[in-house]
Amino acid sequence: MSNRDSIRLAFVAVLAIGCGGDAGDGAGETEGQQTEAAAPAVDPAVAATISGTVTFTGTGPEATPIDMSEEPVCADKHSEPPTSPAVKVSDGNLANVFVFVSEGLGDMTFPASSEAVVIDQDGCLYHPHVLGIQTGQNLTIRNSDAVLHNINTRSTDNRPFNISQPQAGMESTRSFNTAEVMIPVGCDVHGWMSAFIGVTAHPYHAVTADDGTFTIEGLPPGEYVIEAWHETLGAQTMSVTVGEAETGTADFTYDENAAYAPVPMTEPLIVSHGGHGAG
Amino acid sequence: MSAHRPRVSADRRSATVLVGVLALLVAIPAAGPAQDVANGQVIYERWCAECHGVEGAGDGPAADYMLPRPRDFVQARYQIRTTPNGELPTDEDLMRVLEVGMPGTTMPAWPNLGEEQRHDVIAYIKSFSRFFENADPQPMEFASDPGGGDDALESGRAAYEALECWKCHGDSGRGSGQSTATLEDWRELPIRAADLTEPWKFNGGGTPEMIYRRMMTGLDGTPMPAYSDAVASGVVSPEQLWHVAHFVASLAPGLKPRTADLISAPRVEGELPVAPDAEAWAEARPAFVPLAGQIIETPRALAPTVDGMWVRALHDGERVALRVEWGDPSNSPDPAWNEWQAKIVGAVHADDADLSPDAPMSDGMAVQFPAEPPDGARRPYFLMGSSNDPVTLWTWDSREGATEAQGRGLGEISALAGGDLAAESRWNEGHWEVVLTRSITEGAEGAITLAEGVVTPIAFFAWDGSSAETADRGSVSSWLYIHLEEPASSNVVMAPILAIVGSAGMLLLLVRSARSRQGLARAEA
């Protein structure tokens, strides 16, 4: 082999080796849970419904009024000091329970609604206190008080945010890309303010009203595990099977003296370093 | 032909070697990232894991001895960034923190790590969080600085009020706002709003540019929100936000604190000031005395409130007045801080002693002298003396006032009889200002006798009741000195004049006698 040939061979070898290997990290967002597959259309003729009532047995905690004297603008909006919305029981019915489908949808995907969910800061309280939202759906954060509020989320699976809204009428928009039940929300200026956001990868969630009732509509017929979550009392599950155009029932009861699955729900995802390769 | 054969074989061998070497040279950089992270792990486990934890969750063995806690790299909420609120930091952001540390926290700078080592450890730190996979953090668009000046400061002050920064940071900026007592970080641990008058303790730096960036991005993991949405919504303009940054930067003291070894107490001719806001204090130059937590005897103050005092002293030949000022966001006892008082005790490592105060606690401070003026450089044990080498303490309690006492060690304080130690104090929106006055020479029975012209050892203690601190479990300084200056006596003026007149006179006599001798000589000649 001549020297010239050797050099040519070496050049080819360098090109071959240097151009192989890692293409490098791509730019882009963190991966969400939604795939690009087209959503199956749920035929309204066969769509099922699951509804129910969540009740509470026991005396419940004492309703302590919230002292808003340090914020007269908000105190003036209430005819009498409001009580904490944490355990809200009326006639044995439990409000603010987040109810959602936790199993049974398989790998079906659903497009997020283009309608935004609204959370409003009014009278130095969040309205609603508990809300459900789908991954990719917009959350509109509104300040209806003429004071500074900051909305500060303590999510573990989604990136957190902490937005200052110093003026009445200001609106901000955010969304979540990973299912997470539940994300605590608070205001640091007004330490008593608290709300919870439940993020699911599908639209099948609801929050019980003051009368304890909830309805989840438009479900594909099938076997489901329904989960109920309450911020202090804990979580419970129930299996419900619904056929075509059927309405299934899921009634939950929280007994003051019983223990339920603890809250908060999600554990932070720890990356294991076993077998961790080239970054 | 046979002569060529050996050369052909040699060529083939060299070609093979050449290809092999070139392949290696190219292959090594291509495998670079794997080596970076592996080397990063070695560096991390040696230098970082003690605080940040082997799994990067901010839970190393040292973690619960400090407040705030070390960064949790798994949750990846980074405070000091150029990226938008809630987003991950860029590599440059992380390199900057390794270069300058985070002042005001336990995170130091890392001058012992070279640039490549820093890149390696950053690569490893990022691998703790799945959020970094496929992420490409980009810095925000920051508006350029419109400049400072009086108009900017006025506009900044107005915006500070309109945006309600004072709700946490206080009207004075000293972190004593109405919402301060209930602030928590993302771990639900107590956290304070920054004292804006001490920019050397801002985690990201105290220049207007750094302050502006913090307002735009927010400090993730803390109550400090981002104002970028407010700017985008037109609630505040980028220019106004810059003005706020300039205003905040202007809250720093005009002169950088001068850490003192000696407190000079000039003598005043007029009335000795006893009120903290008396104009006469302008005659005394303030000395800055750093304080640190008492961490030698349990129970320890691992995350104390007070970290420095400004001290001025004056005397009038009869009495000495000491003006001591320090930052404390709470005027203890204060029911608004009850929840804080309960939480803060559990927030740092528990010592053996039972610390569950449910009674309201006072703020306080103490000035310490040796019980006897020392001969030589020897001074009593700095933590309130010992049984055979006691100290004199001028203690002040926010409820009880001033008491002259003797200390024979921590927890061994006994009030002394007699003496005329008096105090006047005010809590000025996040700062305590206390003036202690006493007769220079006639203290209580057993108290130190001070004297004009003498240099005496002095030390300081301070404690924040709302953080469950006490005289024994608070902040302490090391020994420094105080000097009660003597007045300028007439000797100072007369002696040089007499010396000049005297020497001039003798010089004249000398000249005259030399001339007269000359004259005699001429006359004789």
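The paragraphs below lead through a predicted model, beginning with a sheet in chain A and ending with loops and helices in chain B.

In chain A, an open sheet of 4 strands has the order 6-5-8-11, and its pairing is mixed. The edges of this sheet are formed by strand 6 and by strand 11, residues 171-175 of chain A, each of which pairs on one side only. Averaged over the sheet, and with direction ignored, neighbouring strands are turned by 20° against each other.

The mixed character of the pairing can be followed from strand 5 of chain A. Towards strand 8 of chain A, which covers residues 138-143, strand 5 of chain A runs parallel, and the two are joined by 5 bridges. Along this pairing Ile119(A) stands opposite Ile141(A) of strand 8 of chain A, and Asp120(A) stands opposite Arg142(A), also in strand 8 of chain A. Towards strand 6 of chain A, by contrast, strand 5 of chain A runs antiparallel, with 3 bridges between them, and here Asp122(A) stands opposite Leu125(A) of strand 6 of chain A.

The connection between strand 5 and strand 6 of chain A deserves a look at the level of the backbone. These two strands form a hairpin with 2 residues between them, and Gly123(A) in the turn has a positive phi of about 65°. Cys124(A), which lies in the loop between strand 5 (117-122) and strand 6 (125-127) of chain A, has a positive phi of about 55° although it is not a glycine. As a point of reference, most residues other than glycine have a negative phi. Is Cys124(A) buried or exposed? Cys124(A) has 23 other C-beta atoms within 10 Å, and because 20 or more are enough for a residue to count as buried, Cys124(A) is buried.

A second loop of chain A, the one between strand 13 (194-200) and strand 14 (205-207), holds Pro203(A). With 20 other C-beta atoms within 10 Å, Pro203(A) is buried as well. When neighbours within four places in sequence are left aside, the residues in contact with Pro203(A) are Phe110(A), Ser113(A) and Gln134(A). The loop also brings together distant parts of the sequence, in that Pro203(A) and Gln137(A) are 66 residues apart in sequence, with their C-alpha atoms 9.6 Å apart in space.

In chain B, two peptide bonds and one further backbone angle can be picked out. A cis peptide bond with an omega of about -5° joins Leu67(B) and Pro68(B), and Pro68(B) has its place in the loop between helix 3 (49-52) and helix 4 of chain B. Ser332(B) and Pro333(B) are likewise joined by a cis peptide bond, with omega at about -5°, and Pro333(B) is found in the loop between strand 5 (319-327) and helix 11 (338-347) of chain B. For comparison, most peptide bonds are trans. Met384(B), although it is not a glycine, has a positive phi of about 65°, and this residue sits in the loop between strand 6 (364-370) and strand 7 (391-397) of chain B. Met384(B) counts as buried, having 27 C-beta neighbours inside 10 Å.

The helix that follows the loop of Pro68(B) is helix 4 of chain B. Helix 4 of chain B spans residues 91-100, and its buried residues are Asp93(B), Leu94(B), Val97(B) and Leu98(B). Because these residues cover an arc of only 140° around the axis, they lie on the same side of helix 4 of chain B. What covers them includes helix 5 of chain B, residues 115-126. Just after helix 4 of chain B, Gly101(B) takes a positive phi of about 70°.

Elsewhere in chain B, helix 8 (residues 208-217) and helix 10 (residues 238-250) pack with their axes 8 Å apart and at an angle of about 125°. That angle lies between the ranges for roughly perpendicular, 65 to 115 degrees, and roughly antiparallel, over 145, so helix 8 and helix 10 of chain B are oblique to each other. The contact is made on the side of helix 8 of chain B by Pro208(B), Ile211(B), Tyr212(B) and Met215(B), and on the side of helix 10 of chain B by residues including Leu241(B), Trp242(B), Val244(B) and Ala245(B). The crossing of helix 8 and helix 10 of chain B is right-handed.

Notes
Residues are numbered from 1 along each chain as its sequence is written. Chains are lettered from A and ligands numbered from 1 in the order in which they are written. This is a predicted model: local features need pLDDT of at least 70, side-chain atom pairs count only at pLDDT 80 or more; totals for chains, interfaces and linings use all residues. A residue is buried if 20 or more other C-beta atoms lie within 10 Å of its own, exposed if 12 or fewer, and partly exposed in between; C-beta atoms are placed from the backbone. The arc is that of the directions from the helix axis to the C-beta atoms. Two residues are in contact if their C-beta atoms, placed from the backbone, lie within 7 Å. Two strands pair if DSSP finds at least two bridges between them. Axes are lines fitted to C-alpha atoms, for helices over the stretch in contact, and angles run from 0 to 180 degrees between N-to-C directions. Angles under 35 degrees count as roughly parallel, over 145 as roughly antiparallel, 65 to 115 as roughly perpendicular and the rest as oblique. A crossing is left-handed if the near helix is turned anticlockwise from the far one by less than a right angle, and right-handed if clockwise.
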